[in-house]
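These are my notebook entries on a structure that I am reading for the first time. I set down what I looked up, entry by entry.

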Amino acid sequence: MRTPEMSLAEKLWQVNWGLLLLLALIGMVGFALLYSAAGGRMEPWAMRHAVRFGIFVGVLLVIALVDIRIWMQLAYPIYGLAFVMLVAVDVLGVIGMGAQRWLDLYFIQLQPSELMKIGLVLALARYYHHVSAENIGRITHLFVPLGLIVAPVALVMVQPDLGTAMMLILSGIGIMFIAGVRLWKFLLAGLAVAGAAPVAWSMLREYQQNRILTFLDPERDPLGAGYHITQSKIALGSGGLFGKGFMQGSQAHLNFLPEKQTDFIFTMLAEEFGMVGGLVVIGLFVCVLLYGFAIALRSRNHFGRLVAMGITLTLFLYIFINIGMVMGLLPVVGIPLPLVSYGGTAMLTVLAACGLLISVYIHRDVTTNRSGSPFS
Amino acid sequence: MQKRDTDRYKLFTRRVALVAGGKVLLLSALAGRLYQLQVLESSKYATLAEDNRINMRLLPPTRGLIFDRNGEALAVNRQNYRVLLVSERSGNTEAALDRLDHILGLTEAERKRVAREVQRNRSFVPVVVRENLAWDEVAQIEFNAPDLPGISIDVGESRDYPGGEPMSHVLGYVAAVTEREQQESSDPVLTLPGFRTGKKGIEKALDMPLRGRAGNLQLEVNSVGRVIRELARDEGQPGTNHVLTIDAGLQRFAYERLQGESGAVAVMDIHNGDVLALASTPGFDPTAFARGLTQAEWENLRDNPLGPLNNKAISGQYPPGSTFKMITALAGLEAGVITPATRLPCAGSVTLGDTKFHCWLRGGHGSVDLNLALAQSCDCYFYEVARRAGMDKVAEIALRYGIGAELGVGIPGEKTGLVPTRQWKQATFGQGWQQGETLILGIGQGYILATPLQLAVMAARLSNGGFAVVPRLLREANAPDGKSKPYPKLKTSPEHIRHVLAGMDAVTNSQRGTGYGARIVDPEMAMAGKTGTSQVKRITQAERDAGNKRAELPWHLRHHALFVAFAPVGNPRYACAVIVEHGGGGAKAAAPVARDVLVETQKRDPSATPPRQVAGMGSGTLPAREPR
């Protein structure tokens with residue numbers, strides 16, 4: 001067993017540089033695409049993307065080097081902080097008479113829902129860390145995790161941010177599943193949702209129903225809500241197997257493609273580099289996910305395993321929802337593609353999460369007692 | 001504890017395996033979807049992407065020009081300098097208009113219209129602030145360009161009619177496309193802003209060939225329609241030019257001669273049918289229509305009692321009055337009920353049943369033959385001839401000489417006139433034909449109606465010896481040299497025609513003729529004709545007794561003055577018809593006009609030179625008019 005008191009040099013040696021290289025590659029794909037999206041210019045996106053990436057990798061390393069037991073201690077406080085901030089933006093949003101997701105901290109605009117994505121993973125991992133395999137089956141052990149999930153989801157829904165809410169629910173349920181909650185409970189919950197769906201449908205307002213119907217059939221409303229997805233599919237489809245070539249995507253460059261630098265950047269990638277380009281990038285993400293699995297399986301403390309799996313799941317959800325959305329498989333909910341889409345907060349979230357992942361790896365042999373106190 | 005953790009780890013690994021399996025499944029779905037979109041359905045989306053990228057824009061074709069027979073331009077296109085405002089670049093619209101106001105002096109209405117159009121269009125769409133700028137205004141705007149962001153000068157085309165009012169009824173005008181035209185035709189050129197279509201006259205009749213074919217521009221645009229670059233350009237085809245048979249100088253002369261009256265003049269070549277002048281007074285300014293009338297201008301035109309919008313030469317229908325007497329005479333001769341030498345008595349009136357039919361000369365003409373009856377326009381003589389020949393014969397001859405049917409001169413709005421028949425009377429009034437009506441018909445009154453152009457055609461068909469000449473404003477495409485196939489001979493005996501023409505000669509050139517006062521003195525140019533006065537209101541017995549002072553009647557109840565003529569007498573070439581609405585007697589009001597017009601016609605002698613042919617396609621645009 002490795003001593004908890006590793007030197008900084010030892011820790012740095014342990015940093016998973018292969019994973020970092022992968023992340024850097026993905027970041028570079030984003031850089032190239034943002035350069036193309038701006039019509040062959042560094043401004044306004046590509047340069048800032050690169051600079052941010054550099055700064056946030058520094059943040060990643062700091063997080064990675066912090067002992068996993070400290071993170072375990074901080075799990076609830078981080079969750080609590082994110083929760084308070086969510087309440088704050090909701091209140092400010094009500095005062096400001098509109099949807100508000102940002103908390104302006106003067107030096108940086110913070111999006112609490114992003115912090116909550118990490119906070120929820122940490123809190124659930126912390127909770128299940130001290131639940132034994134026998135006790136997991138007890139109904140009483142369902143209440144706290146469900147509460148941890150439902151409370152922030154409700155706040156996020158109020159904003160309203162359907163995409164983040166969806167991610168929080170899915171990652172929360174995913175961690176519960178990984179932690180060992182019985183399969184039949186999920187099946188029962190699934191059946192309950194399916195049974196409630198028609199009732200819920202009838203309770204939805206007409207415009208909400210329309211939004212869902214438009215998702216199912218974008219051609220219903222080609223100039224309204226379906227416009228984005230129709231144009232995105234045209235861009236993807238016209239890209240073909242090998243794409244139109246770097247900076248040659250007519251859909252993107254003629255502005256038919258909405259949000260090409262943020263949520264729809266995968267579309268631009270697939271238009272310019274074709275299916276081959278799309279698969280390569282998906283492949284890079286799969287490698288990142290594989291790292292996550294490996295790290296989770298190699299960790300010797302349960303908190304670390306659950307954090308690693310939770311983060312892997314979060315990353316997967318980002319990727320799957322974003323790509324599924326631009327291809328018309330999922331509704332358009334505003335989830336960016338990690339490290340490729342332009343946007344500071346999402347990049348910070350993803351790199352911070354990867355920092356935690358690496359921290360799990362560095363401290364993979366640390367064991368903790370179930371109360372969670374470090375240095376046992 | 002260690003064992004518990006091992007149990008937990010086993011559970012954990014099982015779950016991880018399940019999660020991993022789930023992720024593999026979902027990512028495979030993504031890859032499958034990518035394959036479906038980018039490989040299986042790629043061609044469909046490639047087509048859609050191409051459509052997205054390319055936008056067609058129409059280029060308005062240059063409208064064909066219209067010339068008179070001597071090559072004088074009657075309808076042209078002028079460069080039209082317009083100020084455009086692009087709100088995207090100008091910033092605040094109000095402020096931009098304020099800056100422009102110093103140069104142009106914008107009206108409140110203009111400002112409102114611009115503001116409305118700016119609101120309605122997307123911010124990069126240019127909005128026309130004002131058209132038809134003068135040079136100095138263009139210069140000032142260009143000079144101040146740095147201080148006028150978003151303001152630009154653009155050259156369009158507008159229709160201009162140098163022919164002006166005299167030509168207004170023949171040419172007609174162009175005006176903005178109406179909603180109805182857009183519904184009836186799917187031609188996309190109609191949707192172009194500022195596009196004009198022919199609404200009247202030649203502009204309407206030849207609208208399609210004058211329009212030409214629109215070109216188009218293939219533009220690469222982005223999703224908001226902003227132009228990225230031009231991909232291809234098809235210039236289209238300008239409209240074809242057209243040469244009219246009209247002599248613009250003669251037309252102007254005729255129009256000015258009638259100025260101040262409400263009337264019409266038609267002059268035509270009796271052999272080939274060329275219409276040399278077709279004037280109607282008062283006219284209007286067709287250029288004003290092309291640029292768009294103001295409400296006040298429109299109301300003025302509409303409410304003018306002299307009817308400036310009505311082309312009286314082809315749309316005005318009048319009882320021909322005594323100008324119809326040649327027809328009655330021919331009917332009598334052809335029916336064999338009279339000979340030129342037959343003398344009939346005139347005692348100032350004839351009585352049929354209870355009705356008395358008066359001659360215009362109260363005391364009567366005594367005993368008259370054909371020549372004297374025409375020269376003196378004796379009504380009693382023609383009552384009797386009509387009675388003997390019968391209304392069917394009179395109607396047959398009238399139709400033969402061009403009355404009662406559309407002539408097809410080539411501009412819309414032509415009226416047929418009316419030659420009454422027994423069936424027509426029965427159908428219209430539910431009554432049979434009365435013999436008294438035959439008498440009235442004999443002097444060109446009652447139901448019979450003719451247009452001035454029809455009367456000119458009647459004079460032409462008589463003076464050319466009985467050929468069914470048809471008037472035309474355009475020389476047919478199949479006779480580019482101006483020589484068309486000869487018109488068919490009418491089935492009238494030349495001998496009969498000769499006697500009628502002699503009577504017409506006597507009208508103007510014998511001292512007892514009603515038109516002697518308006519004769520052409522120069523024997524080379526002498527004209528023959530026939531006066532006519534058509535009643536607007538029946539003359540009552542009381543009026544007859546009071547001395548019948550028509551000049552004291554209100555204008556709209558006075559008689560119409562008519563005159564038909566041909567010249568020169570010996571070797572006729574030109575026929576002419578004149579009507580002066582409510583002008584009083586034909587001898588006094590109409591004959592002098594015909595005399596002056598025919599003198600001018602013979603001086604100019606337009607038929608000596610065939611119309612000049614102008615090379616085919618719209619030869620472009622004239623510079624903007626200097627003074628405004």
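**Entry 1: aromatic rings**

I began with Phe177(A), which counts as buried at 13% relative accessibility. I note at once that I am working with a predicted model. I then looked up Phe186(A) and found it partly exposed, at 22% relative accessibility; the limit for buried is under 20%.

I next asked how many aromatic pairs the structure holds over all chains. I recorded 18 of them. One of these joins Trp45(A) and Tyr342(A), with 6.5 Å centre to centre and 55 degrees between the planes, and is tilted. Trp45(A) is in the loop between α2 and α3 of chain A, and Tyr342(A) is in the loop between α13 (302-326) and α14 (344-362), so this pair ties together parts that are 297 residues apart in sequence. I checked the burial of both partners: Trp45(A) is buried with a relative accessible area of 16%, and Tyr342(A) counts as buried at 15%.

I then returned to Phe177(A) and Phe186(A) as a pair: their ring centres are 5.4 Å apart and their planes stand at 80 degrees, so I entered the pair as edge-to-face. In chain B, I noted a cluster in which ring pairs link Trp424(B), Phe429(B), Trp433(B) and Tyr447(B).

**Entry 2: charges over rings**

I looked for charged side chains placed over rings. The charged end of Lys489(B) sits over the ring of Phe467(B), at 5.6 Å from the ring centre. Arg519(B) lies over the face of Tyr516(B), and here I recorded 3.9 Å from the ring centre.

**Entry 3: chain A and a helix pair**

I turned to the make-up of chain A. I recorded 14 helices and two strands. Chain A has 376 residues, of which 55% count as buried. When I took contacts between residues at least 6 apart in sequence, 73% of them joined residues at least 24 apart.

I then asked at what angle the axes of α3(A) and α14(A) cross. I found roughly 30 degrees, with the axes coming within 8 Å. That makes α3(A) roughly parallel to α14(A), since angles under 35 degrees count as such. The crossing of α3(A) past α14(A) is right-handed. Among the residues that make the contact, I listed Phe53(A), Phe56(A), Val57(A) and Leu60(A) from α3(A), and Met347(A), Leu351(A), Cys354(A) and Ile358(A) from α14(A).

**Entry 4: backbone exceptions**

I looked next for departures from the usual backbone. Most residues other than glycine have a negative phi, and most peptide bonds are trans.

I asked which residues are joined by a cis peptide bond in chain A, and entered Glu43(A) and Pro44(A), with omega about 0 degrees. Pro44(A) has its place in the loop between α2 (17-37) and α3 (46-65). In chain B, I found a cis bond from Ala567(B) to Pro568(B), with omega near -15 degrees. Pro568(B) lies in the loop between β20 (560-567) and β21 (574-580).

I also recorded positive phi values. Ser377(B) has phi near 55 degrees and is found in the loop between α16 (370-376) and α17 (379-389) of chain B. Is Ser377(B) buried or exposed? I entered Ser377(B) as buried, with a relative accessible area of 4%. Asp605(B) has a positive phi of about 40 degrees and is placed in the segment after α24 (586-604). Asp605(B) counts as partly exposed, at 32% relative accessibility.

**Entry 5: two loop residues of chain B**

I closed with two places in loops. Thr245(B) is in the loop between β12 (242-243) and α11 (248-257) and is buried, with a relative accessible area of 0%. I asked which residues Thr245(B) is in contact with, leaving aside its neighbours within four places in sequence. I noted Arg69(B), Asp274(B), Val275(B), Leu276(B), Arg472(B), Leu473(B), Leu474(B) and Arg475(B).

Ser493(B) is found in the loop between α21 (452-463) and α22 (494-509) and counts as partly exposed at 26% relative accessibility. I looked up its separation from Leu330(B): the two are 163 residues apart in sequence and 9.3 Å apart in space, C-alpha to C-alpha.

Methods:
Residues numbered from 1 in each chain as written. Chains lettered and ligands numbered in written order. Predicted model: local features only at pLDDT ≥ 70, side-chain atom pairs only at ≥ 80, totals over all residues. Heavy atoms only, no water. Helix = DSSP H or I, 4+ residues; strand = E, 2+ residues; numbered from the N terminus. Buried < 20%, exposed > 50% of the residue type's maximum accessible area, 1.4 Å probe, protein only. Phe/Tyr/Trp six-rings, centres within 6.5 Å; stacked < 30°, edge-to-face > 60°. Lys NZ or Arg CZ within 6 Å of the ring centre and 35° of its normal. Axes fitted to C-alpha atoms, helices over the stretch in contact; angles between N-to-C directions. Parallel < 35°, antiparallel > 145°, perpendicular 65-115°, else oblique. Left-handed = near helix turned anticlockwise from the far one by under 90°. Contact = heavy atoms within 4.5 Å.
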